[in-house]
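Reader: I've just opened this one and I'm not sure where to look. Could you walk me through it?

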Amino acid sequence: MNLDTRQKAFFLFTVRLRTKQADQLLKWLPQKESAEMLARFKELKEHDEETIKSVAVSELRRLAKPKSLNYLSEVHDDWIVSFLKKESPEMIATVLRYLPAERVDAILQAFPPEILDRLPQIADAYSVPQVLVDLLKQRFENLFVVNKDYHSSNDFEFEHFCLLNVEQMAQVFLEIGYYEIALALKTVPRQARDKVMARLLQRDKQRVALYLDSDQGVSVQRIKKAQIHLLSRDIGTDNPADFIEGLGFLVFARAVLPKDLDDFDIIMRKMPLKKARLLQTSINEHIQQNSEASVLLFREDVLKAAKVVLTKKRHSV
């Protein structure tokens, strides 16, 4: 079993205040808790009393700190591989222990032979002391910390975009793209509109048509910007979804300021590397020209798309 916060605190207080009698006291706990704590204490007993107390105090202070959220479960396998390639075999084995089997298989397949040859056997990985396992796991999780939260009872703001899960984020970029196409086609002749719509998949046509039929009350300047965006993208017939997503990336890039780049790192890590690089390219093209005033219009469109996706989720529950 893994100890919860309360159990860890009890264990650390016991070790700190009753170092010499700790193993006798821990035996009185329920069997599962006792076995786990005694195993951990056995590892600590290899050190002198002062070191044990010092470790206990340090860990208690860490437990007392507010917990940061980590988004490791949402990080794409491409990024996990990229980070783990730089780590020791022990760290790699430790992290893989805590990932679902299907993710482990995909990650292992992406490793070059020289890394695979250095990995310990499964049995050896599970023989690593639990204290060391916890430290290694925590160190890796600290690479993917997010210091903000969002509750559905609050208004969704642009700063919350990075908190969307992988599926929601992908859908938001598509919704932004649908809306941008609809804006661009709002004032063009029917023949030109039909030509663009014919290159879209049926499901995408339906979403664009929905926005086209809505009374959006958008300024002429915003429509012209959408038309420029549409013309700047290659609407190839091989993969229309990439075209729509690319429009979503472009609009999002025009909503980002330098102060948002920490959040942008979180967003990228939830995407495959190839797509993350495309989004990064759009960001690099526009961020220096973006201003507090210019981003407002595009942030409004990003938020509209996010709220559409979040509303769909709530209605489907």
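Author: Sure! Keep in mind that this is a predicted model. A handy way in is burial: of the 317 residues in the protein, 43% are buried.

Reader: Okay, and how many helices and strands are there in the protein?

Author: You'll find 18 helices and just two strands.

Reader: What is the radius of gyration of the protein, set beside that of a compact globule of 317 residues?

Author: A compact globule with 317 residues would come out near 20 Å, but the protein has 26 Å. Taken along the principal axes, the box filled by its C-alpha atoms is roughly 85 × 45 × 40 Å. As for contacts with a separation of 6 or more, 77% of them link residues 24 or more positions apart.

Reader: Now the helices. How do I read a pair of them?

Author: Two packed helices are described by the angle between their axes and the distance between those axes. Try helix 16 (residues 261-269) and helix 17 (residues 273-286): their axes come within 10 Å and cross at roughly 155°. Angles over 145 degrees count as roughly antiparallel, so that is how helix 16 lies relative to helix 17. The crossing of helix 16 past helix 17 is right-handed.

Reader: And which residues in helix 16 and helix 17 meet?

Author: From helix 16 it's Leu261, Phe264, Ile267 and Met268, and they meet Ala276, Leu279, Gln280 and Ile283 of helix 17. Sorted by type, the residues of this contact are seven nonpolar and one polar, with no charged ones.

Technical notes. Residues numbered from 1 in each chain as written. Predicted model: local features only at pLDDT ≥ 70, side-chain atom pairs only at ≥ 80, totals over all residues. Heavy atoms only, no water. Axes fitted to C-alpha atoms, helices over the stretch in contact; angles between N-to-C directions. Helix = DSSP H or I, 4+ residues; strand = E, 2+ residues; numbered from the N terminus. Parallel < 35°, antiparallel > 145°, perpendicular 65-115°, else oblique. Left-handed = near helix turned anticlockwise from the far one by under 90°. Contact = heavy atoms within 4.5 Å. Nonpolar A, V, L, I, M, F, W, Y, C, P; charged D, E, K, R; others polar. Rg over C-alpha atoms; globule rule 2.2 N^0.38 Å. Buried < 20%, exposed > 50% of the residue type's maximum accessible area, 1.4 Å probe, protein only.
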